[in-house]
Amino acid sequence: MKYHIVTFGCQMNEYDSALIAGLLEGAGLRVSKNIEEADFLFYNTCSVREKAEETAIAKISQSRPLKQKNKKLKVIVLGCMAKNKGEQLFEKLPFIDHVIGTDHYRQIPEIVLGAKANERVFTDFDEKENYDGTYAQIQNPFSTSITIQRGCNKRCSYCIVPYVRGNEKNKDPLDILAEVQMSVEKGISEITLLGQTVNAYKKDGETFASLLEKISEINGVKRIRFVSPHPRHYDDELISVLQSNSKICHHVHLPLQSGSDTILKKMRRQYTAEHFLSLIEALRSKDPFYAVTTDIISGFVGETDSDFEKTLEVVKQAQFDNAFMFIYSPRIGTESYLEKEILSQEQKLLRHQQLVEIQNQITSNRSQNMLGRVEEILVERPSSKDPSEWMGKTDNFKKVIFKPTSTVSPGDYLTCKINEIRGWTLRGEVLS
Ligand code: 5AD
Ligand code: SF4
């Protein structure tokens, strides 16, 4: 029997899909690359913005004809939208078989293979389910992610995540170290630690900083990354480890959300713009090329012109290497959903476009600054535009396109001189 998993949304969902794949393989199922040949079709969904749910529903709807062709096919909806919509999903998608939230993945083989086949909805939270003792399938031959923290204890007023993923649960440090060890034994050299507020990690006396140090001591680990830290959870110990441990990459994805203190307060973000900027300054104090990327929401409820101007001001000061920029999307069940919006969709879009324009220029400048530098890159894959060229990433997470001088494989480390910038893209010449 064969399964196929379609994944939407963030890296956490990617990890969960790999975890589920591991569980299904353990139960004797095999992956089907071709969606049409699958006996079990899983959709791992996202709810963070309304658009994400609409996209997932549209995609899942497309599987209906498959079900008509193969009466035995089971279609299963997983992830954040499964929890968010639950039973309601059967109204929009009457042909689906099961709806399974993030705390029930361990039971998936039982659900799809029979013992629980008569139950349709599995969405309650299970405070005890931390997936200890389970390891995700390796996602990539040289790089893998490991979820070290599930759920979120913050209650940012716009965010649906805590309601669909539950409270913060931190994975046993020994389990994390075992997963890293297993990964390096399979040839992985880059590890990305995942959590909604990953730097708030604390478990059995281990802090995020001490966990990073322990992971860096494992032979075979060359690069350590993490997503996403929260600006509130940096202390001197962590900043010092980030600056001094040579295996921890000089890139951080640090969500700003807004540059106005009034809006940050309304968002319940627990920091000020000044604190945020001071973190960037600390990280870049020893390495001006330390890359900082971010998330920003435009048009949050109550955001005035002057609040938005402050965001633009902080964006200019922060000099982000890149940013994911979103238009505020009110989510049912969140605190800010209850507040009346004054801005029209057009006004929100206009602000968003203004922000994108300013950030694009900064992104391009930050790439330009890399010209002439000699960088170690981790080779990923042939370039999608021209397969005679390859793509790799620098320690500070910039893509570099290069022409190999001899055979290269994904996972190789090469030294490149950055000798051209086209738009945002760095091009390099291989030195060794
Ligand atoms: N509307 C728009 N963007 C949102 N995000 C989270 N919730 C919302 C929302 N309701 C953004 C935040 C977060 C990223 C993953 O998604 O910027 O960091
Ligand atoms: Fe959502 Fe805030 Fe938690 Fe991030 S920290 S997942 S934005 S509630």
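This report covers a pocket, a ligand site, a helix pair and two backbone features of a predicted model.

## The second largest pocket

The second largest pocket has a volume of about 250 Å³. Its lining is made up of Glu 50, Glu 53, Glu 54, Ile 57, Asn 84, Lys 85, Lys 92, Ile 160, Pro 330, Arg 331, Ile 332 and Tyr 337. By type, these residues divide into 6 charged, 5 nonpolar and 1 polar.

Two helices, H2 (50-61) and H4 (79-85), each supply at least two residues of this lining. Helix H2 gives the most, with 4 residues.

## Surroundings of ligand 2

The shell around ligand 2 includes three cysteines, namely Cys 152, Cys 156 and Cys 159. Lys 154, Tyr 158, Val 161, Pro 162, Gln 196, Thr 197, His 230 and Arg 269 also surround ligand 2. The residues of this shell divide into 6 nonpolar, 3 polar and 2 charged.

## Helices H9 and H10

Helix H9 covers residues 208-216 and helix H10 covers residues 236-244. Their axes come within 8 Å and cross at roughly 25 degrees. Angles under 35 degrees count as roughly parallel, and H9 and H10 are therefore roughly parallel to each other. The crossing in which H9 passes H10 is left-handed.

## Two backbone features

Most peptide bonds are trans, and most residues other than glycine have a negative phi. The model has an exception to each of these.

The peptide bond that joins Val 227 and Ser 228 is cis, with omega about -20 degrees. Ser 228 lies in the loop between strand S13 (223-227) and H10, the helix that H9 passes in a left-handed crossing.

The other exception is Gln 257, a residue other than glycine with a positive phi, near 70 degrees. Gln 257 is found in the loop that runs between strand S14 (251-253) and helix H11 (261-266).

Definitions and conventions. Residues numbered from 1 in each chain as written. Chains lettered and ligands numbered in written order. Predicted model: local features only at pLDDT ≥ 70, side-chain atom pairs only at ≥ 80, totals over all residues. Heavy atoms only, no water. 1 Å grid on protein atoms, 1.4 Å probe; cavity = no way out; pocket = protein on both sides within 12 Å on 5 of 7 lines; lining within 4 Å. Points joined across faces, edges and corners; volume = space filled by probe spheres on them. Nonpolar A, V, L, I, M, F, W, Y, C, P; charged D, E, K, R; others polar. Near = heavy atom within 4 Å. Axes fitted to C-alpha atoms, helices over the stretch in contact; angles between N-to-C directions. Parallel < 35°, antiparallel > 145°, perpendicular 65-115°, else oblique. Left-handed = near helix turned anticlockwise from the far one by under 90°.
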